[in-house]
Amino acid sequence: MTKKALITGVTGQDGSYLSELLLEKGYEVHGIVRRTSTSNIERVAHLSTALRLHYGDVTEVSRLMLLLQQIQPDEVYHLASQSDVRASFDQPEFTGEVTGMGTTRILEAIRLVDLDCRVYQASSSEMFGASLPPQNESTPFWPRSPYAAAKTYAYWVARNYREAHGMFVANGIMFNHESPRRGMTFVTRKITHAVARIKAGYDRKLYLGNLDAVRDWGYAKEYVEAMWLMLQADKPSDYVVATGTAYTVRDFAEHAFGYVGLDWREFVRFDDRYLRPTEVDSLIGDPSKTAAELGWKSKVLMPELASLMVEEDLRIVNAQRAE
Ligand code: NAP
Ligand code: F7E
């Protein structure tokens, strides 16, 4: 029997890589897409004949229930979220509604239609916030943004549906993961895209905020494999997904500019608009449980990740120039 998967947030970075992975594995893959006035399906356009897309929104439970009833998925990957930490300070209520309550709605919809399926909840290292690294599954949460607070709420709701209703719900506590498909506002992609534009002569400066922040950056394409593995386990649990390595934003900029032979110090300037009211200084994951129980281990580390992202942004910028 062909397995069926439903992905919320299918048009996002992770949704696109996960769709590819599940299609490769022979799944029938369904995705929920928001109706927007301009196209939001670029990341999955190449899969459009294989993917089955449905309009929906995690703020509308009646639609979620209908889709679950019609599709009858074996696995639900709940990735939909307002995922920009800085933006969550400007839109805290909206972030809570989508990133927090969205999880309750999807779980309650599954319960109400009495669907026997496995659920992945996209939890985040941001929940650790100010707790000192290395962070693992037992590290206390100390959220430092409305986004992190919403994800912490969603994490506990996921745990509660597991404990109260016996549902198979796994939390993937993912540390930052990036790729050439990363949204332009996140610091890695902002840097690699700027490097390509500066190299091509379109821009002369890049404005950034806190260069001292430490992150554990991995490659999104590898991280979606861990999502799938969590739903193949014998029992549901919570897993940290990370590389265990630490770099600053400054390190990332140095590698990205260095890849095209430029010195980052000539181009990067400070702009306090990119500072956050409360910052997360250092996130470094300890993925030992995930390695031991799921056999997952990251391969691509920051220097290679920065290079492959710059490489793809150079290709994009050069293709635009040729048009
Ligand atoms: P992303 O690129 O920002 O994608 C978010 C997805 O959610 C998009 O498809 C977006 O649709 C969709 N969405 C937003 N609001 C929605 C709504 N109201 N109803 C339905 N869909 C909605 O995020 P990502 O990097 O792929 O991350 C996937 C998940 O993992 C998110 O929950 C994120 O918070 C979490 N996470 C990410 C990281 C990371 O480093 N990437 C780390 C830990 C956890 P549009 O395309 O229409 O905007
Ligand atoms: O910031 C600093 C910024 O926005 C990383 C999301 O996927 O990962 C992501 O959240 C660091 C922060 O990611 C700029 O202050 C400096 O310390 O790329 P980011 P994030 O906030 O870590 C987690 C795990 C998620 O779950 C989230 O959904 O970089 N920084 N200058 C900057 N950040 C941005 N965006 N822009 C700057 O100019």
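**A two-domain model with two ligands**

Q72 has its place in the loop between α2 (61-71) and β4 (75-78), and in this predicted model the phi of Q72 is near 55°, a positive value in a residue other than glycine. Another loop, the one between β5 and α5, holds P134, and the peptide bond that joins P133 and P134 is cis, with omega at about -5°. Both details can be set against a general background: most residues other than glycine have a negative phi, and most peptide bonds are trans.

From these local points we can turn to the overall division of the protein, which consists of domain 1 (4-177 + 219-241) and domain 2 (185-215 + 245-281 + 300-322). The C-alpha centres of domain 1 and domain 2 lie 27 Å apart, and the contact between the two takes 11 residues from domain 1 and 13 residues from domain 2. Between them, domain 1 and domain 2 bury about 1200 Å², of which 54% is on carbon and sulfur atoms. On the side of domain 1, the residues R86, R144 and Y219 supply 47% of the area buried against domain 2, which is more than any other three residues supply.

The first of the bound molecules to consider is ligand 1, which has 24 residues around it, with T11, R34, L79, S83 and Y147 coming nearest. Two of these nearest residues also make polar contacts through their side chains: an N or O atom in the side chain of S83 is 2.7 Å from an oxygen atom of ligand 1, and an N or O atom in the side chain of Y147 is likewise 2.7 Å from an oxygen atom of ligand 1. The backbone takes part as well, since a backbone N or O atom of G9 lies 3.3 Å from an oxygen atom of ligand 1. On its own, ligand 1 has 910 Å² of accessible area, and the protein covers 89% of it. The elements that give two or more residues to the shell around ligand 1 are α1 (13-24), β5 (118-124) and α5 (146-165), with the largest share, 3 residues, coming from β5. By class, this shell has 8 nonpolar, 11 polar and 5 charged residues.

Where, in terms of the domains, does the shell around ligand 2 draw at least three residues? It draws at least three from each of domain 1 (4-177 + 219-241) and domain 2 (185-215 + 245-281 + 300-322). There are 23 residues around ligand 2, and S83, S124, Y147, R276 and E279 come nearest; S83 and Y147 are thus named among the nearest residues for ligand 1 and for ligand 2. By class, the shell around ligand 2 has 10 nonpolar, 7 polar and 6 charged residues.

The polar contacts of ligand 2 include both side-chain and backbone partners. A polar side-chain atom of N176 lies 2.8 Å from an oxygen atom of ligand 2, and an N or O atom in the side chain of K190 is 2.7 Å from an oxygen atom of the ligand, whereas a polar backbone atom of T185 is 2.8 Å from a nitrogen atom of ligand 2. Taken alone, ligand 2 exposes 700 Å², and the protein buries 95% of that. The elements that give two or more residues to the shell around ligand 2 are α6 (187-199) and β8 (206-208).

Notes. Residues are numbered from 1 along each chain as its sequence is written. Chains are lettered from A and ligands numbered from 1 in the order in which they are written. This is a predicted model: local features need pLDDT of at least 70, side-chain atom pairs count only at pLDDT 80 or more; totals for chains, interfaces and linings use all residues. Side-chain values use heavy atoms; hydrogens and water are left out. A residue is near a molecule or strand if one of its heavy atoms lies within 4 Å of it. A polar contact is a pair of N or O atoms within 3.5 Å; within protein, one must be able to donate a hydrogen and the other to accept it, and residues adjacent in sequence count only if both atoms are side-chain atoms. Accessible areas come from the Shrake-Rupley method with a 1.4 Å probe; for residues, only the protein chains shown count as cover. Helices (H or I, at least four residues) and strands (E, at least two) are DSSP runs, numbered from the N terminus. Ala, Val, Leu, Ile, Met, Phe, Trp, Tyr, Cys and Pro count as nonpolar, Asp, Glu, Lys and Arg as charged, and the others, Gly among them, as polar. Domain bounds come from an automatic or database domain assignment. Contact means heavy atoms within 4.5 Å. Buried area is the accessible area (1.4 Å probe) that two parts lose on being put together, summed over both.
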